[in-house]
Amino acid sequence: MTALLELKNVTKLYRGFAAISDVSITLQAGRVHAILGENGAGKSTLTKMMAGAVSPTSGEILLDGKPVTFASPGEALRHGIAMVFQETSLVPSLTVAQNLFLGDEKVFNRLRGLYIAAQQFLQSLNFPVDPAANVSALGAAQRQMVEIARAVRKNARVIIFDEPTATLTPEEKHHFFELIERLKARDVAIVFISHALEEALTISDTITVLRDGQHVITDATSAFDRDKIIRSMVGRTLSDQLYNRDAMRPTRPYGRKTLSVQNLSMGRLVRNTSFSVYAGQVTGVFGLIGSGRTESFKVVSGVAKRNFFHGGIVRLFGKAVYYRIPRPAVRAGIAYVTEDRKVEGIFETMSIAESIHIGALAADKGGSWIVSRRKMRELAARWSKALSIRAIDSNARVLELSGGNQQKVVIAKALVQDPRIVIFDEPTRGVDVGAIAEIHEIINGLADQGLAVVVISSYLPEVLNLSDRILVARQGRIVEEFAMDEASEEKIMYAAVH
Amino acid sequence: MSGFLKNVNQEKVVFLLFIVIFILFSVLLPGFLNANNLVLLMQGVSVLGILGAGMCVVVIGRGIDLSMVATMAISVAWALQLNGEGMSLPLALAIGVGVALFVGLANGLLIAYAEIPPLFATLATSACVYGFGRFFLIHTDLVYVTPGVGMLVELGQGRVLSIPMPVIVFAAIAAIVGAILHFTKFGRFTYAVGDNYGTARVTGISVRHVLVGQYVLTSLVAFVAGLTQAMAISSMNTRISDTLLIYDVILVVVLGGVGLSGGRGGIRNVVVGTLLIGTFLNGMTIMDVQYTMQNAIKAAILLAAIMIDTIINPRDEQTSQHGDI
């Protein structure tokens, strides 16, 4: 067994914050190496280093025992290292065949020849994909197959999968695992990042666990079981506090019906969905990617527009409302805390105080049209304390904070608007472990105060821990509702995928 | 001083550069460091500074207004012409303001509602405003200031405590724009929209209204700049919108450190940028450097300032994704 790719003591600093610190890992040909860890443990950063998308601040990368540096993913690919991303990197407007041969076209391209070659190649891999189909018309699983086929065609010796099974149905998963076996037989080294521990236990040969950017343990898979992995992932019994529901905590009773949605539709993402949200409790929303869980609530909060015809009805406290933009929704008391902080959560040039203040101003809670710096500082001090935002002072830039503190600023910016319903979309994505508990506490506190709280999450334990009732989304609609005492991981997952 | 050095940014680099050049010129150039010349220096760039103050509003909002010069030329020239034809001064000025308001509104609506990139929208309105104005409204390229303007001529030619009025207008406009940006809700929202449009929208800011407001404000400032200029030289040449003046305005704004990526900088940056350019132009004029050469040197300074800024404050992934404008 020879070491194919070796990372030695690699460290990656982002603005002085170590995303990966002093990690060593060795990949071997024909073996599946699972990398596990919590959100924000550094799995993605580590694998991106292997694939040349991120260059290490220090440490070295050895390929076949020789030190290499990759300036770009393209260069890594030429060395035989391919990465299959969570969001695929295919060109949607081109056909499967064109995507397969992208970058290798001859000067004079004969499309027919391309299709024939692609057909033969896909058949050799036993992939049922039409080479003449546009990639935009393919489902998630087929896209992934194309992506994998492309990696294989480039003679990749290392293939990195980032959450490959998140979007797949059980049957597709089965195919995927078969494929992994075939790749193993071709002596490809496979890296596998997943949240699904059972999958990792089933298909991997070696498991590495990361925590907060640091290497915890690497061992043969046979030496692990589920409990051991979780213990190493969270390091302390914190996992119990974080994701195991406190059995003593009673389910909160239904309050007033805050939000009632009927037959909501938006393009292909939200299809005729209906659900309700009640005050004084946490409504968990679970769904896989593409289930329309985020989009449904974006329509409710005016961030996205529902269909013009037959768009459905949204009722807030019994009154029909139609928001085309977020502003009226914000004024009516709907706060949406985004899943994508960078795009619609933070102001990167602003300080903590300025960000929170903007939230107050936008909801017309900040007084007249002249702003008071003194009030801004008071506001910031109050909310920093309430949400325990940790920074040198409230003049620190939001961009320089850790993920958890950034998220708290985004939450403060929403809460300062005095909302009546708060929608948290993936509230702990990219948040360090310590802050997860605090954010959960904030969410619980809001429900206890009598607000209607919605938590959208693709992480089942989080939904199970926080919610008083759980909605499950699949293919653009809410398909099932569970009360807490009847909910279990299996039931919810079953509803989400079938 | 250590605090000064710790947070080096383009504004400080440019300010240091200004001081160094100022001292250099003072020592090397006879006739540079005397009161008369310094007044002249400021007077020479005050209109540019006013335009810069207007421009910085839209640039902070991650936009740009290429139609400023055309707006100032046509709105002021028409007002002057109407006044010359016998219309009362307040009414003529009101019409001039109306034109500026209209152009600003058009820019804002095109950018905020039709979602045309500011670069193209204002480039188009610039050509439209000049073309329409020159064809339908204004009879000659050059419109002279007639005695009908009365005391208003002091706006360009008067002095208060031996400081020329244009300099005072520049200071006043800078103070007003600075106050708007810093102390009003509109100003804070301008920064928010420029920093991150998506976040501003989700937070509940009426982003479109803010955008329209920015372009209206910029156009109004352009009118003031045009009026000051016309009064100072007793005429308004509409051909000014064919010149490279607009690029000088952008130069002043960007040189001072108002980032084209939006949300960064403020009125101070514009003042610093204006000072540096003023010093340079004045010094080069004393040294009898040719106009074309002056342009080349200006461009070199701009590149140097931006390069230094990029080295000190590396662009992050976000800007490289979205591009600078």
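Biologist: What makes up chain A in terms of helices and strands?

Modeller: In this predicted model, chain A holds 18 helices and 20 strands.

Biologist: And why is chain A called as compact as a globular protein of that length?

Modeller: Set the radius of gyration against the globule rule: chain A comes out at 24 Å, and the rule gives 23 Å for 498 residues. Those values are close, so the chain is as compact as a globular protein of that length. The C-alpha trace spans about 65 × 50 × 50 Å along its principal axes.

Biologist: How much of chain A counts as buried?

Modeller: 48% of its 498 residues do. The cut-off is 20 or more other C-beta atoms within 10 Å of a residue's own.

Biologist: What makes you say that α15(A) is largely enclosed?

Modeller: By that cut-off of 20 or more, 12 of its 13 residues are buried, so the rest of the structure largely encloses α15(A). Among the buried ones are Gly404(A), Lys408(A), Ile411(A) and Leu415(A).

Biologist: How does the span of that helix fit what is expected for 13 residues?

Modeller: Helix α15 of chain A, residues 403-415, reaches 18 Å from first C-alpha to last, close to the 18 Å expected at 1.5 Å a residue.

Biologist: How many residues does each chain put into the contact between A and B?

Modeller: Chain A gives 26 residues and chain B gives 19. On the chain B side, α9 (185-195) and α10 (197-203) each supply at least two. That side of chain B divides into nine polar, five nonpolar and five charged residues.

Definitions and conventions:
Residues are numbered from 1 along each chain as its sequence is written. Chains are lettered from A and ligands numbered from 1 in the order in which they are written. This is a predicted model: local features need pLDDT of at least 70, side-chain atom pairs count only at pLDDT 80 or more; totals for chains, interfaces and linings use all residues. Helices (H or I, at least four residues) and strands (E, at least two) are DSSP runs, numbered from the N terminus. The expected span of a helix is 1.5 Å times one less than its number of residues. Two residues are in contact if their C-beta atoms, placed from the backbone, lie within 7 Å. Ala, Val, Leu, Ile, Met, Phe, Trp, Tyr, Cys and Pro count as nonpolar, Asp, Glu, Lys and Arg as charged, and the others, Gly among them, as polar. The radius of gyration is taken over C-alpha atoms; the globule rule is 2.2 Å times the number of residues to the power 0.38.
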